[in-house]
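Student: I should like to learn how to read a protein model. May we go through one together, feature by feature?

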Amino acid sequence: LMQMMPSTAALFGIDSTSSEFEQIQAGILYMKTLDDELPREIKDPDERIKFILAAYNVGIAHIFDARRLAEKNGKDPNVWSGSVDYYILNKSNPEYYRDSVVRFGYARGEETYKFVIEVLDRFEHYKNVVTD
């Protein structure tokens with residue numbers, strides 16, 4: 001259900017034998033923790049959700065790297081769409097993951113980039129089903 005790395009799951013008191021309820025509860029707590037770790041400068045709630053989803057998928061350290069890359073390259077580090085998303089998408093490219101502002105190296109950013117889009121698209125679909 002709520003896929004987490006084993007070490008992250010253990011931090012929130014769950015494992016593969018935990019109930020669906022426990023897994024969802026842990027996932028919510030983890031997302032709240034990620035939200036608390038993100039800088040308050042990310043004020044737009046829609047953008048903030050994208051950062052939280054991305055951090056859930058790839059780890060917050062890679063998101064911080066992508067924010068530093070965005071800032072270094074004249075983009076807004078507090079905006080996901082059209083800014084930080086570009087740098088996470090390219091964090092598998094040596095030109096980016098070897099940059100001096102990057103502290104956590106290579107990441108499979110394409111997966112994270114797609115994950116954010118897919119989760120938000122699915123959410124929109126569910127909203128349309130419920131409101132129709």
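Tutor: We shall proceed from the whole chain to single residues. Please keep in mind that this is a predicted model.

Student: How many helices and how many strands does the secondary structure of the chain contain?

Tutor: A useful beginning is to count the elements and then to read their order. Here the secondary structure comprises seven helices and zero strands. Along the sequence, the pattern is therefore written α-α-α-α-α-α-α. The radius of gyration is 16 Å, close to the 14 Å that the globule rule gives for 132 residues, so the chain is as compact as a globular protein of that length. Along the principal axes, the C-alpha atoms fill a box of roughly 45 × 40 × 25 Å.

Student: What share of the residues counts as buried, and what does the accessible surface of the chain come to?

Tutor: Burial and surface are two views of one chain. Of the 132 residues, 39% count as buried. The accessible surface comes to about 8300 Å², and carbon and sulfur atoms account for 54% of that surface. As for charge, the chain has 16 positive and 22 negative charges, and their mean positions are 6 Å apart.

Student: What share of the contacts joins residues 24 or more positions apart?

Tutor: Contacts may be sorted by separation along the sequence. Among contacts with a separation of 6 or more, 48% are made by residues 24 or more positions apart.

Student: Which residues of the largest nonpolar core touch the most other members?

Tutor: One looks for the core members and then for the elements that supply them. The largest nonpolar core has 28 residues, and Met4, Phe51, Ile63 and Trp80 touch the most other members. Helix H2 (20–37), helix H3 (45–58), helix H4 (60–72) and helix H5 (80–89) each give two or more residues to this core. The largest share, seven residues, is that of H3. Leaving out residues up to four places away in sequence, Met4 touches Ala9, Ile14, Ala26, Gly27, Tyr30 and Tyr56.

Student: Why is Thr112 classed as buried or exposed?

Tutor: The class follows from the relative accessible area, and under 20% means buried. Thr112 has a relative accessible area of 0%, so Thr112 is buried. This residue has its place in helix H7 (residues 109–131). Beyond residues up to four places away in sequence, Thr112 touches Ala54, Asn57, Val58 and Ile88.

Student: Is Gly82 buried or exposed?

Tutor: The opposite class requires a value over 50%. Gly82 is exposed, because its relative accessible area is 58%. Gly82 is found in helix H5. From C-alpha to C-alpha, Gly82 and Ala70 are 9.9 Å apart in space, while they are twelve residues apart in sequence.

Student: Why is Leu120 placed in the class that it has?

Tutor: Values between the two cut-offs are called partly exposed. Leu120 is partly exposed because its relative accessible area is 23%. Leu120 also belongs to helix H7. Its contacts, without residues up to four places away in sequence, are Ile49, Lys50 and Leu53. The C-alpha atoms of Leu120 and Lys72 are separated by 28 Å, and these residues are 48 residues apart along the chain.

Student: Where does Lys91 lie, and with which residues is Lys91 in contact?

Tutor: A loop is described by the elements on its two sides. Lys91 lies in the loop between H5 and helix H6 (94–97). Lys91 counts as buried because its relative accessibility is 0%. Apart from neighbours within four places in sequence, Lys91 is in contact with His62, Asp65, Tyr97, Val102, Phe104, Gly105, Tyr106 and Ala107. The C-alpha atoms of Lys91 and Gly109 are separated by 5.5 Å, with the two residues 18 residues apart along the chain.

Methods. Residues are numbered from 1 along each chain as its sequence is written. This is a predicted model: local features need pLDDT of at least 70, side-chain atom pairs count only at pLDDT 80 or more; totals for chains, interfaces and linings use all residues. Side-chain values use heavy atoms; hydrogens and water are left out. Helices (H or I, at least four residues) and strands (E, at least two) are DSSP runs, numbered from the N terminus. The radius of gyration is taken over C-alpha atoms; the globule rule is 2.2 Å times the number of residues to the power 0.38. Buried means under 20% relative accessible area, exposed over 50%, partly exposed in between (1.4 Å probe, protein chains only). Contact means heavy atoms within 4.5 Å. Accessible areas come from the Shrake-Rupley method with a 1.4 Å probe; for residues, only the protein chains shown count as cover. Lys and Arg count as positive and Asp and Glu as negative; His and the chain ends are not counted. The place of a charge is taken as NZ of Lys, CZ of Arg, CG of Asp or CD of Glu. A nonpolar core is a set of buried Ala, Val, Leu, Ile, Met, Phe, Trp, Tyr and Cys residues joined through side-chain atoms within 4.5 Å.
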